[in-house]
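I opened this notebook to record what I looked up in the structure, beginning inside one chain and then moving to the contacts between chains.

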Amino acid sequence: MPPSERLPLEQVLEIVSALEAVVLRSFGPEGGQVLFTRDTGQAMLSRSGTCILSALHLEHPLARVVVESVWKHSRGTGDGSKTFILLLASLLRGISKATSRGPSASHAYGFTEAAKAAAAPYFANKLLELVSSDLDDLIAVNVVPYGFCVSLEDFTTHSGRLLLASFFHTRVSHVHCSYLSELTCEMLNRWKYKSDLPYISFQFLSDNFPALHTPVSGFPVSSSRLIEGQVIHRDFATPCLPSKQQPVKVVVFTDYMQPILLSTGDVLKLGYGGGVTPESSIVHFSAWTERSLESVIAELQSLGVSLLLSAVKQSDAAVALATQAHMSLVECVSEEELSLFVQLSGVTPVSRGCTIQLEHVAALSFCRPILLGGHRYVQVAFCESPKSSKVNPCSLVICGPGEGQTDQYICAIRDAVCMLMTTWEPKHTSETTASRGTLQSDKGTASLDMTPTFQSTANKPYGLKKCVFEPGCVIPAGGTFEFLLSRALPNPSSDTNGLPSVSQLLANALLSVPRQIYSHSPKLFLQAQTRIMSLVQNPSNPFSLGLKESTPGPMVDLGLESVTCKYQLILAVVQCATSVLRVDTVLHTRTALHTQSKKHTIFSRASTEDEAED
Amino acid sequence: MSRVEKKAPSVCTDLPLNNAEARRHELRESLAIKVNKHCLSLCTSYLQRDDCACRVKIDFSSSQNLMTLAGSIISSKPACLLTEAEKLHISTMAVRAFLQTIPCSSPGPVTLGQTVTVTVRGLPVLDSAMFPGLLVETHDDFNQTDSSSELLRTVLFSTSLAGDLAELGDGTIEADPNLDTDLQILDQLLELGKQLVEDEVRLCVCQKVIHPVLQQYLRSHGVVVMERLGMALMEPLGTLAGTQPVATLHARIPSTAYGRVKNLSTKQFGFKTMLHLQADGEAAVCTAVLCHRNETMLDELKVVWRKTEDVLRLTLKEPSALLGGGCTETHLSAYVKHKGQQEASETAAGLRCSPAEFLLGVKVFCRSLDMVARSLEHDGGSSAMDLNHAHHWTVSANASEEDMAGGLGLCGCGLVENSSTEWTFLNTEYAEFCPAPLLGDSCRKPTVLDSFTAKVNALQVAVETANLALDVRYVIKDVN
């Protein structure tokens, strides 16, 4: 019988508080970096909540559950991992306080530990119910009117930049915020599909981000820049460079140009039966593969092709023949870069055994070697064509003093795009995404039924009103959202049992966020609160107007943040709290725990490397 | 080319250290970061300016500045253990190699040539030499009578000529016992050899292995055979011979695939025998033979050679250099201090701090720059700066006040001679002043120059790293 252990609320709170203590140092506009040092001498500097949390070696399974939820949330929205922990900690703290205070007012729950243990899941369920049924309406009615919608045309203007700048303020050093947000803005502008929804171009960027950036270490951040076209992170395999003629005609190969006669496992039988004929000579077969390669090269020459991109390493003969035919060859191009290239150029890749036709040939405006941080890569730019004229393809070169720093900037920009994608999610999909978010955050937790979400949606008193935030809805940062929402939450003094209501718990937890933002001066917290409250009472003077005219008022200093991200954050936090509180027992089985921890580390490692997924 | 010079770590560690000191004077980290960034932008914009007094234009019509630049880099790596004459020899070689890789007569975008380095252990450094063309080590006995000044028809193979038929795939081949596949392949190879002989090829080079029978056949027909050349030499050899490698075994080799090589001869360097190939006409390929007494020093010399090559190439992009010997640092420091003082009030308002706080930050930044100059002195002496041009001077440990009044000789970079009578030691306070540019065209040339691109990048990266260190709020030690 494995030893089992009751999990008191205090212990859960202790775990989350420990995580909070780590994350708080890098939270908010005054936050800084966290430095990890290992015994091996490795050091890691980071300000990203997800990075910091996943670098911790966590023993307790509950802590790992929490970190996994954070990771999944930030993966979906790109933002809010530090606020997640902060909110979760204060929410649990509130619940703990409520249950320990309970006995003095309550008759239904006794003094006993058992009663306490029962009260926590009760709160958790109530919270989940509240959040999944009413939260969207509450935000739509009480918060959204004080924000405004940024259209994509605005993006180059003040508000788009502000939104990005405030995002970067929470992720990188202050001095680089404006530079990185300018850079990101410029990139978004160039990638803007004129006729489509902004969401689509954000989605495209987010999907293809790995192929669209080049990290360069050893240079100052201010050397980061956008370059035209796409960078293929390989060097030419042929010594001669593409000719200067325009346009450069290119063919993409996914397979060998020289046919492989015998794959592994094949057997070639020679000379059995017949006498020694020319056909029975091994040389005959080798000559045949060479001849078919020559015919491929001849075909390419007749089409005027001067650049070949290949997913695999071609044979010596193929390289030599291509060189002699004055074609440049780039081998071993990664799958994601090749797929981006195919999308941008609209070309059909040549696969095994198909004849090369005109549809396989794309035209490039140029193709040249480019030296980035000591590596020679290939830069290609696309010709104006009906398909690509909508956008102006460009790649991002991100520089940093060290590898870790460069990675941090890359993650920040990637998450910024992800955040924008969440913010501009079209209306009709918001329902499904919300539930997708639910599913995602639930997956990591031990045992949880997802039914409350759907039940409560069905039980809604006022029909089918879905969560409707206009795409691009933003609100001034610096705690505005939290102040407004906490004020809007229904506030019955206490429920029938004499316990504080869940909405009160949530409201208090929300206020802990601005409290932390202004932790360096409590006076500012009160000032900000008073200012917002007076605005609510005096609606003739909403500050959103001031923002639209881009006159920097006192609130604009703080930047902007996305309402959708905030909404999803609260959903995820409450779900995580519920799942954590519902755990009754932790069973320590030696092997199981071991594999779990192993699985966890492997999982998080794989996830940081593989960004394209999800 | 990311090269953070050795100055970078110094600025990098000094800034946070000095800032830690400044914190005692109530300078917030976030403010320190902003001030550092501001000072850095002052430096970089000053260095880009035309009237910048610590930048020297590089004139490609004279090799003097290039020589100084190369010499400074070579002197900065003492592990090479070079004497003055050897330093001069190596820097002359480096500049010659650099100039030879620039093609003279091709309009439009130029492709730089290549310098291949060959190292020979056990010979004196002064035996190092530059050769036009390529030197390829050979282990075979090469008949000296073959060497000739005539043009040799050359063919390059980039595939194996050993008869392994790797391109057929990984499957297995089962042959009838009566059938000798190896012989079939060898016949095919000899067929190829016959064609080479018919086409009057005199030099046959293969990146990989050549079948011994084919080698023997070719040699017996007077063809010089070189095998196992390796990937690295294929490209320069292709450029030299003006041809592209061949990798087909069955098709007839087109006549366009043949190149030409001139003046085949052997050279003996210590225990290494090398075949010297030269281009017919101008091909920007040359070989540097580097010699040194033992392996370690030779390795260091090779590193220095590569650095020098890089730095010289960087001058093509940005034809300037910075004064060495700590003079750039002291000059910048004086400039930043002066500039900071001048615009203290408005900059402080922009950074939302008091002018006093801003000046404290500037002081910390300047002290870090001074530290770089000071760290050049290793013999217990102290560093001084003149209050006129703000150049860097070293004062030997046993120098007295009278010695200083009598003059300190030349400054660190060798551009200023004893022009000022006012001095300040680098670790002391001094009143800010505007560093004066050197008047007119003094006949003096700087004796120490640093790469402009490398130094500016080093400064930027160092300040950025220092700012990063200042931004750390929490340290987590993982003891597993």
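How many residue pairs are in polar contact between domain 1 of chain A and domain 2 of chain A? I find 4 residue pairs, both residues at pLDDT 80 or more, where a polar contact is a pair of N or O atoms within 3.5 Å, one able to donate a hydrogen and the other to accept it, and where residues adjacent in sequence count only if both atoms are side-chain atoms.

Ground rules. I am reading a predicted model, in which local features need pLDDT of at least 70 and side-chain atom pairs count only at pLDDT 80 or more, while totals for chains, interfaces and linings use all residues. Residues are numbered from 1 along each chain as its sequence is written, chains are lettered from A and ligands numbered from 1 in the order in which they are written, and side-chain values use heavy atoms, with hydrogens and water left out.

Entry 1, domains of chain A. I noted domain 1 (4–149 + 436–604), domain 2 (173–229 + 393–423) and domain 3 (233–261 + 277–383) of chain A, with bounds from an automatic or database domain assignment. Between the first two of these, 21 residues of domain 1 of chain A are in contact with 9 residues of domain 2 of chain A, contact being heavy atoms within 4.5 Å. Domain 1 and domain 2 of chain A bury about 1000 Å² between them, 50% of it on carbon and sulfur atoms; buried area is the accessible area (1.4 Å probe) that two parts lose on being put together, summed over both. I found 0 salt bridges across this interface, a salt bridge being a side-chain nitrogen of Lys or Arg within 4 Å of a carboxyl oxygen of Asp or Glu. On the side of domain 1 of chain A that touches domain 2 of chain A, the elements that give two or more residues are β3 (43–46), α3 (61–77), β15 (473–476) and α19 (563–581) of chain A, helices (H or I, at least four residues) and strands (E, at least two) being DSSP runs numbered from the N terminus.

Entry 2, a pair within α3 of chain A. The side chains of E68(A) and K72(A) meet in a salt bridge at 3.8 Å, N to O, and because these residues lie 4 apart in helix α3 of chain A, about one helical turn separates them.

Entry 3, chain B against chain A. I counted 54 residues of chain B in contact with 64 residues of chain A, and the area buried between the two chains is about 5100 Å², of which carbon and sulfur atoms give 58%. L168(B), E464(B) and Y474(B) supply 13% of the area that chain B buries against chain A, more than any other three residues. Which side chains form the salt bridge of D316(A)? D316(A) meets K208(B) at 2.8 Å, N to O, and the count between chain B and chain A is 1 salt bridge. I also found 16 residue pairs in polar contact across this interface, both at pLDDT 80 or more.

Entry 4, strands. Strand β9 (residues 267–270) of chain A runs parallel to β6(B), joined by 4 bridges, with K269(A) opposite E174(B); two strands pair if DSSP finds at least two bridges between them. Within chain B, β1 (residues 55–57) and β12 (residues 320–323) pair in the antiparallel sense over 3 bridges, V56(B) having A321(B) as its bridge partner.
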